[in-house]
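Reader: Could you take me through one part of this protein up close? I'm in my first year, so I'd like to see how the pieces around it fit together.

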Amino acid sequence: MSSEPISEPDPTGLVIYVGQDRAGHWLVQDSRRTLEGRFISYAAAMGYAQAERDIYHASVEIAELPLRPLVSFAPVGRDERVLPRATRREGWR
């Protein structure tokens, strides 16, 4: 059994897509729809996707169709509240 890291992506594994949504935002999403990142440029999105590829031994592909955001870009509604624990970080005031 080798302890060397796997350098090639698993052909049946995770795919990380880099692309834009219909509004032109740069997104990175995985094929399992458990990962999403939003970026200001193609370069930033690709850098993130490549780092995630190395961690998960995934492949990176450019999305052919616009990606659909997993999390809305819409403003938070007046009736929505932020969880207090989600807004506090240990040591931050």
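Author: Let's begin with a bit of vocabulary: a residue is called buried under 20% relative accessible area, exposed over 50%, and partly exposed in between. That is why R38, at 35% relative accessibility, counts as partly exposed. Keep in mind that what you're looking at is a predicted model.

R38 has a partner. Its side chain meets that of E36 in a salt bridge, with 3.9 Å from N to O. E36 is partly exposed too, with a relative accessible area of 21%. Searching the whole structure turns up 2 salt bridges. Besides the E36 pair, there's one between the side chains of D54 and R53, at 3.3 Å from N to O. R53 is partly exposed, at 29% relative accessible area.

Now for the strand around that first pair. Strand β3 covers residues 36-39, and it runs antiparallel to strand β2, residues 26-30, with 4 bridges joining the two. Look for V28 in β2: its bridge partner in β3 is G37. Between these two strands the hairpin has 5 residues, and R33 there takes a positive phi near 60°.

Step back along the chain and you reach another hairpin. β1 and β2 form it, again with 5 residues between them, and G24 in the turn has a positive phi of about 95°. These strands pair in the antiparallel sense over 5 bridges, and I16 has D30 as its bridge partner in β2. On the loop between β1 and β2 sits R22, which is exposed, with a relative accessible area of 77%. If you leave aside its neighbours within four places in sequence, R22 is in contact with P66 and L67. R22 and L67 are 45 residues apart along the chain, yet their C-alpha atoms are separated by 7.4 Å.

β1 has a further partner: 4 bridges join it to strand β4, residues 59-62, and this time the two run parallel. Here V18 stands opposite I62. V18 is a good residue to click on. Leaving aside neighbours within four places in sequence, its contacts include W26, L27 and V28, along with Y42, A45, M46 and A49, and also V60, I62 and L67.

Several of those residues turn up again in the largest nonpolar core, which is made up of L14, I16, V18, V28, A45, M46, A49 and A58, 8 residues in all. Both β1 (15-20) and α1 (42-56) supply at least two residues of this core, and the largest share, 3 residues, comes from α1. As a general background idea, nonpolar side chains in soluble globular proteins tend to be buried together.

Finally, zoom out to the whole protein. It has 2 helices and 4 strands, and from the N terminus on the elements run β-β-β-α-β-α. Of its 93 residues, 22% count as buried. The protein exposes about 7900 Å², with carbon and sulfur atoms supplying 52% of that. Among contacts between residues at least 6 apart in sequence, 52% join residues at least 24 apart. The R22 and L67 contact, with its 45 residues along the chain, is one example to look at on your screen.

Technical notes:
Residues are numbered from 1 along each chain as its sequence is written. This is a predicted model: local features need pLDDT of at least 70, side-chain atom pairs count only at pLDDT 80 or more; totals for chains, interfaces and linings use all residues. Side-chain values use heavy atoms; hydrogens and water are left out. A salt bridge is a side-chain nitrogen of Lys or Arg within 4 Å of a carboxyl oxygen of Asp or Glu. Buried means under 20% relative accessible area, exposed over 50%, partly exposed in between (1.4 Å probe, protein chains only). Two strands pair if DSSP finds at least two bridges between them. A nonpolar core is a set of buried Ala, Val, Leu, Ile, Met, Phe, Trp, Tyr and Cys residues joined through side-chain atoms within 4.5 Å. Contact means heavy atoms within 4.5 Å. Accessible areas come from the Shrake-Rupley method with a 1.4 Å probe; for residues, only the protein chains shown count as cover.
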